[in-house]
Amino acid sequence: LGLVNELRNALATGTQLELHYQGQHRLVDGALVGREALLRWHHPRDGMISPADFIPIAERHGLMASLGNWVIDEALAQQGRWRQLGMPDVPVWINVSALQMFQGELESALAAGLARHQVPASQLGLEITESVLLDERAGDISPRLEALRQLGHPVAIDDFGTGYSSLGYLKKLPLDKLKLDRAFIKALPDDLADAAIVNAVLSMADGLGLEVIAEGVETEAQRDFLIAAGCTLVQGFLYARPESAERLERSWQEEA
Ligand code: G
Ligand code: G
Ligand code: MN
Ligand code: NA
């Protein structure tokens with residue numbers, strides 16, 4: 001319970017929480033097309049705690065709505081600052097947790113943040129992990145996604161290929177992007193099964209009018225395979241690591 005109270009505290013003060021941002025790039029020339037916001041908790045005693053560890057705690061103890069709302073507001077505030085500084089104005093993508101998808105607060109938190117920070121909805125993308133589509137609490141998620149897209153938010157399915165969903169949802173759901181999980185990228189180009197899966201996903205997505213972003217690209221051999229396979233977008237250490245807003249601003253100023 002210690003950690004729960006500490007998380008409650010961190011949320012109340014906001015000082016230990018931070019968003020880091022990882023670039024999303026065009027494969028062929030590396031041009032920046034977006035940034036994913038990744039939550040970080042700098043715990044005063046335990047150091048950096050991964051969201052993979054504290055988000056389940058937040059969900060279990062009723063803190064997820066506040067945490068999710070903090071992420072929305074912080075990402076939009078940051079986006080607003082970058083626009084003012086004249087930094088590349090690409091969409092920021094946030095991760096939306098399962099609970100946020102099932103509860104009612106998401107739309108109002110988005111609307112409040114967009115208005116407060118004067119950022120258009122098209123500049124805030126929503127990443128929804130594939131397993132959410134399977135969660136029985138989700139019910140029919142289609143009207144919910146339709147409403148979010150109606151507001152102007154682009155929507156991506158995160159960790160695509162790992163959620164054991166039926167592919168039928170791709171036909172029904174209003175989506176913009178698939179983020180192909182890095183499990184399929186890791187062993188490229190040598191693993192023939194992964195190569196076959198990646199090729200099939202790219203061809204299917206093309207037919208469905210969906211963009212694919214390959215996650216976790218770390219090597220030039222992976223990049224060359226993906227370019228040859230017709231993939232256009234990438235997120236991975238080969239292109240950029242997650243960085244604090246401060247560091248991104250500094251390197252942008254140094255380049256200018
Ligand atoms: O950045 P890192 O590898 O530590 O992220 C671990 C996991 O936490 C990833 O699955 C990522 O999607 C998730 N995550 C990161 N930031 C957020 C966030 O703001 N909200 C939610 N719900 N998940 C996040
Ligand atoms: O589940 P989600 O896709 O949101 O998780 C994103 C996580 O993947 C981030 O925490 C980020 O640090 C991590 N990540 C991004 N690029 C790479 C990469 O090239 N290699 C590895 N191992 N992890 C990556
Ligand atoms: Mn993600
Ligand atoms: Na992912």
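A residue is called buried here if 20 or more other C-beta atoms lie within 10 Å of its own, exposed if 12 or fewer do, and partly exposed in between, with C-beta atoms placed from the backbone. Helices (H or I, at least four residues) and strands (E, at least two) are DSSP runs, numbered from the N terminus.

With those terms in hand, a word on the model. This is a predicted model, in which local features need pLDDT of at least 70 and side-chain atom pairs count only at pLDDT 80 or more, while totals for chains, interfaces and linings use all residues. Residues are numbered from 1 along each chain as its sequence is written, and chains are lettered from A and ligands numbered from 1 in the order in which they are written. The average pLDDT (the predictor's confidence in each residue, from 0 to 100) is 93 for the chain, and 99% of the residues score at least 70. The ipTM is 0.97 and the pTM 0.96.

## Strand β4 and its partners

A good place to start is β4 (92-96). Because 5 of its 5 residues are buried, β4 is largely enclosed by the rest of the structure. Cover is found on both faces: Val 92, Ile 94 and Val 96 are buried on one side, and Trp 93 and Asn 95 are buried on the other.

Next come the pairings, where two strands pair if DSSP finds at least two bridges between them. Strand β4 runs parallel to β2, and 2 bridges join them. Strand β4 also pairs with β5 in the parallel sense, over 5 bridges. Strand β5 (residues 124-129) is itself mostly covered, with 5 of its 6 residues buried. From β5, 4 bridges lead on to the parallel strand β6 (residues 155-160).

The table gives some of the facing residues.

| Residue | Partner | Strand of the partner |
|---|---|---|
| Arg 35 | Val 92 | β4 |
| Val 92 | Leu 124 | β5 |
| Trp 93 | Gly 125 | β5 |
| Leu 126 | Val 155 | β6 |

## The nonpolar core

In soluble globular proteins, nonpolar side chains tend to be buried together. A nonpolar core is taken here as a set of buried Ala, Val, Leu, Ile, Met, Phe, Trp, Tyr and Cys residues joined through C-beta atoms within 7 Å. The largest such core has 60 residues, and the members that touch the most others are Ala 37, Val 71, Ala 75, Ile 94, Leu 180, Val 212 and Ala 214. Helix α3 (residues 64-85) contributes the largest share of this core, 6 residues.

What does Ile 94 touch, leaving out residues up to four places away in sequence? With contact meaning C-beta atoms, placed from the backbone, within 7 Å, Ile 94 meets Ala 37, Val 71, Ile 72, Ala 75, Leu 124, Leu 126 and Glu 127.

## Around the two ligands

A residue counts as near a molecule or strand if its C-beta atom, placed from the backbone, lies within 6 Å of it. Around ligand 1 stand Leu 38, Leu 39, Ser 50, Pro 51, Ala 52, Ile 55, Val 71, Ile 94, Asn 95 and Ser 97. At least two residues of this shell come from each of β2 (32-43), α2 (51-60) and β4, and α2 gives the most, with 3.

For residue classes, Ala, Val, Leu, Ile, Met, Phe, Trp, Tyr, Cys and Pro count as nonpolar, Asp, Glu, Lys and Arg as charged, and the others, Gly among them, as polar. The shell of ligand 1 has 7 nonpolar, 3 polar and no charged residues. That of ligand 2 has 4 nonpolar, 5 polar and 5 charged residues. Of the 14 residues around ligand 2, those that come nearest are Gly 216, Glu 218, Gly 236, Phe 237 and Pro 242.

## Backbone details and one loop

Gln 118 has phi near 55°, a positive value in a residue other than glycine. Gln 118 lies in the loop between α5 (105-117) and β5, and counts as exposed because 11 other C-beta atoms are within 10 Å. Asp 159, also not a glycine, has a positive phi of about 55°. Asp 159 belongs to strand β6 and is buried, because it has 20 C-beta neighbours inside 10 Å.

The peptide bond from Leu 188 to Pro 189 is cis, with omega near 0°. Pro 189 sits in the loop between β7 (177-180) and α8 (192-208).

Is Ala 121, in the loop between α5 and β5, buried or exposed? Ala 121 is buried, because it has 20 C-beta neighbours inside 10 Å. Beyond its neighbours within four places in sequence, Ala 121 contacts Leu 114, Leu 151, Gly 152 and His 153.

Technical notes. Contact = placed C-beta atoms within 7 Å.
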